[in-house]
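Here are my notes on the model, set out as numbered points. Please read them with the structure open.

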Amino acid sequence: MRLDIITIFPEMFIGPFSYSIVKRAIDKGLVEIHLHNLRDYATTKHKNVDDYPFGGAAGMVLMIEPIDRCITHLKGQREYHEVIYLTPDGILLNQPLANHISTKQNLILLCGHYKGIDERVRQHLITLEVSIGDYVLSGGELAAAVLSDSLIRLIPGVLGDETSALSDSFQDNLLSPPVYTRPAVYKDWAVPDVLLSGHERKIHEWQHEQAIIRTQSRRPNLLEF
Ligand code: SAM
């Protein structure tokens with residue numbers, strides 16, 4: 001997978017992409033992430049990328065020209081399967097959507113800022129709009145990092161068997177069952193006996209039952225299909 005991320009704050013991605021599974025995926029060559037500073041595509045002397053909104057309102061708007069230049073430059077080098085804009089009014093990100101997007105090879109992620117981006121970008125250049133939740137962030141960078149992480153962990157070879165994404169919450173419309181590790185008893189809080197029994201079938205049955213109980217109590221909507 002190749003991710004090209006367009007942003008006015010490329011430095012914001014250093015943390016999210018420098019640790020754990022995402023870093024390992026980059027190191028193994030399973031994902032390539034390229035950060036593009038929108039200011040490099042500005043045409044003005046002062047590298048402006050935002051301007052006042054027509055009609056007058058509070059806040060600035062990212063201009064169409066630098067975004068179009070950047071996307072056109074990238075598209076001139078390879079084919080992209082989606083050009084994604086992170087936006088609070090996009091399709092809500094969930095596991096099925098992450099699964100779907102993770103099958104695509106080359107993606108552009110566009111991070112907005114201020115009041116957002118010129119609507120004509122959305123009308124003419126964007127193929128998919130994704131929200132990471134019903135709340136408003138200051139910029140699309142954190143949202144792009146969340147989306148990237150959710151995609152990268154699904155790329156074959158990124159997770160080992162022991163951390164397989166298939167056993168995570170939402171993959172089979174169930175939440176994950178509870179997990180425990182040593183010590184088996186802490187203070188007087190004990191791990192369920194079945195997990196120490198060594199009886200594989202009973203352990204699986206218990207885990208499945210717990211997943212259903214947890215889903216019924218926390219996310220009953222997942223069971224309605
Ligand atoms: N005026 C916009 C609105 O009310 O919908 C909000 C703009 S927000 C302050 C600036 C940028 O942050 C957006 O252009 C978008 O890229 C990003 N953003 C904010 N909340 C987001 C969310 N929940 N999901 C994805 N991106 C988000």
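1. Ser20 sits in helix α1, which covers residues 20-27. The backbone here deserves a look: phi of Ser20 is near 60°, a positive value in a residue that is not glycine. Please keep in mind for this point and the others that the model is predicted.

2. A second positive phi occurs at Lys187, where the angle is near 50°, and this residue is not glycine either. Lys187 belongs to the loop that links β8 with β9 (189-190). Is Lys187 buried or exposed? Its relative accessibility is 59%, so Lys187 counts as exposed, the cut-off being over 50%.

3. The peptide bond that runs from Arg182 to Pro183 is cis, and its omega is near 5°. Pro183 lies in the loop between α5 (141-152) and β8 (185-186).

4. The chain has two assigned domains: domain 1 spans 2-152 and domain 2 spans 169-224. How far apart are the centres of domain 1 and domain 2? Taken over C-alpha atoms, the separation is 37 Å.

5. Arg2 is part of strand β1, residues 2-7. With a relative accessible area of 13%, Arg2 is buried, because buried means under 20%. Its side chain forms a polar contact of 2.8 Å with the side chain of Asp4. Which residues does Arg2 touch, once neighbours within four places in sequence are left aside? They are Glu32, His34, Arg78, Tyr80, Gln105, Asn106 and Leu107.

6. Thr87 falls in strand β5, which runs over residues 82-92. It is another buried residue, at 6% relative accessibility. The side chains of Thr87 and Asp89 make a polar contact of 2.6 Å. Not counting residues up to four places away in sequence, Thr87 is in touch with Arg122, Glu129, Val130 and Ser131. As for Pro66, 21 residues from Thr87 in sequence, the C-alpha to C-alpha distance between Thr87 and Pro66 is 18 Å.

7. The ligand has 20 residues around it, and those that come nearest are Tyr85, Leu86, Gly112, Tyr135 and Leu137. Tyr85 contributes through its side chain, where an N or O atom is 2.7 Å from an oxygen atom of the ligand. Tyr135 contributes through its backbone: one of its N or O atoms there lies 2.9 Å from a nitrogen atom of the ligand. For Leu137, a polar backbone atom is 2.9 Å from a nitrogen atom of the ligand. The ligand on its own has 580 Å² of accessible area, and the protein covers 83% of that.

8. How many disulfides does the whole structure contain? The search finds zero. Cys70 takes part in no disulfide, and the nearest cysteine sulfur, in Cys111, is 11 Å away. Seen from the other side, the sulfur of Cys111 has its closest cysteine sulfur in Cys70, at 11 Å, and this is too far for a bond because a disulfide needs the two sulfur atoms within 2.5 Å. Cys70 is buried at 0% relative accessibility. Cys111 also counts as buried, at 2%.

9. Leu223 is in the segment that follows α7 (200-218). Why is Leu223 called partly exposed? Its relative accessible area is 33%, which lies between the limits of 20% for buried and 50% for exposed, so the middle term applies. Setting aside residues up to four places away in sequence, Leu223 touches Asn173, Leu174, Thr215 and Gln216. Ile212 is eleven residues from Leu223 along the chain, and the C-alpha atoms of Leu223 and Ile212 are separated by 8.7 Å.

Definitions and conventions
Residues numbered from 1 in each chain as written. Predicted model: local features only at pLDDT ≥ 70, side-chain atom pairs only at ≥ 80, totals over all residues. Heavy atoms only, no water. Helix = DSSP H or I, 4+ residues; strand = E, 2+ residues; numbered from the N terminus. Buried < 20%, exposed > 50% of the residue type's maximum accessible area, 1.4 Å probe, protein only. Contact = heavy atoms within 4.5 Å. Near = heavy atom within 4 Å. Polar contact = N/O pair within 3.5 Å; in protein donor to acceptor, adjacent residues only side chain to side chain. Areas by Shrake-Rupley, 256 points an atom, 1.4 Å probe, with all protein chains shown as cover. Domains from an automatic or database assignment.
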